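Me: I am learning how to read helix packing, and I would like a close look at a single part of this structure. Could you take me through it slowly, in connected prose?

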Amino acid sequence: NEVARQLTFSDQMLFCRIDPLEYIYHIFNIKGKDVSNLNTFVNRFNKINYWVVTAICSQTNINKRILIVKKFIKVAI
């Protein structure tokens, strides 16, 4: 699935930019430390999550909604 491949490629590029210390800075809320790569990765996740939820919930026809859910499941696996 090309969608899954492209999402994974993009996520991997963003994930590899995260310095492991960014997790510590974020968890302990250490001010003045750069956590921009972690924030970029989290924001991307949230946008994709919003896209999936919106696509599913905006469909009022139950049969079409089921098809959308099936498509996203195929992308996820």
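Reply: What follows is a walk around helix α3 and the helices that pack against it, in a model that is predicted.

Helix α3 covers residues 36-57, and its axis comes within 9 Å of the axis of helix α1, which is made of residues 2-16, with the two crossing at roughly 155°. Because angles over 145 degrees count as roughly antiparallel, α1 is described as roughly antiparallel to α3. The crossing of these two helices is left-handed. On the side of α1 the contact is made by L7, S10, D11, L14 and F15, while α3 contributes T40, F41, R44 and I48. Sorted by class, this contact between α1 and α3 holds 5 nonpolar, 2 polar and 2 charged residues.

The arrangement with α2 can be read in the same manner. The axes of α2 and α3 come within 8 Å and cross at roughly 85°, and since an angle from 65 to 115 degrees counts as roughly perpendicular, α2 is roughly perpendicular to α3. Here E22, Y23 and H26 of α2 meet S36, N37 and L38 of α3, and the residues of this contact divide into 2 nonpolar, 3 polar and 1 charged. In the loop between α2, which spans 20-27, and α3 lies N29, a residue other than glycine whose phi nevertheless has a positive value, near 50°.

Turning to α4, we find that α3 and α4 pack at an angle of about 155°, with their axes 8 Å apart, and that angle makes α3 roughly antiparallel to α4. The residues that meet are W51, V52, A55, I56 and C57 in α3 and R65, I68, V69 and F72 in α4. By class, this contact of α3 with α4 has 8 nonpolar residues, no polar ones and 1 charged one.

Helix α4 itself can also be checked for its length: α4 has 15 residues, 62-76, which at 1.5 Å a residue should span 21 Å, and the C-alpha atoms at its ends are 21 Å apart, so the two values agree. At the start of α4, a side-chain oxygen of N61 reaches to within 2.9 Å of the backbone nitrogen of N63.

To gather the picture around α3, then, α1 is roughly antiparallel to α3, α2 is roughly perpendicular to α3, and α3 is roughly antiparallel to α4.

Key. Residues numbered from 1 in each chain as written. Predicted model: local features only at pLDDT ≥ 70, side-chain atom pairs only at ≥ 80, totals over all residues. Heavy atoms only, no water. Axes fitted to C-alpha atoms, helices over the stretch in contact; angles between N-to-C directions. Helix = DSSP H or I, 4+ residues; strand = E, 2+ residues; numbered from the N terminus. Parallel < 35°, antiparallel > 145°, perpendicular 65-115°, else oblique. Left-handed = near helix turned anticlockwise from the far one by under 90°. Contact = heavy atoms within 4.5 Å. Nonpolar A, V, L, I, M, F, W, Y, C, P; charged D, E, K, R; others polar. Expected span 1.5 Å × (residues − 1). Polar contact = N/O pair within 3.5 Å; in protein donor to acceptor, adjacent residues only side chain to side chain.
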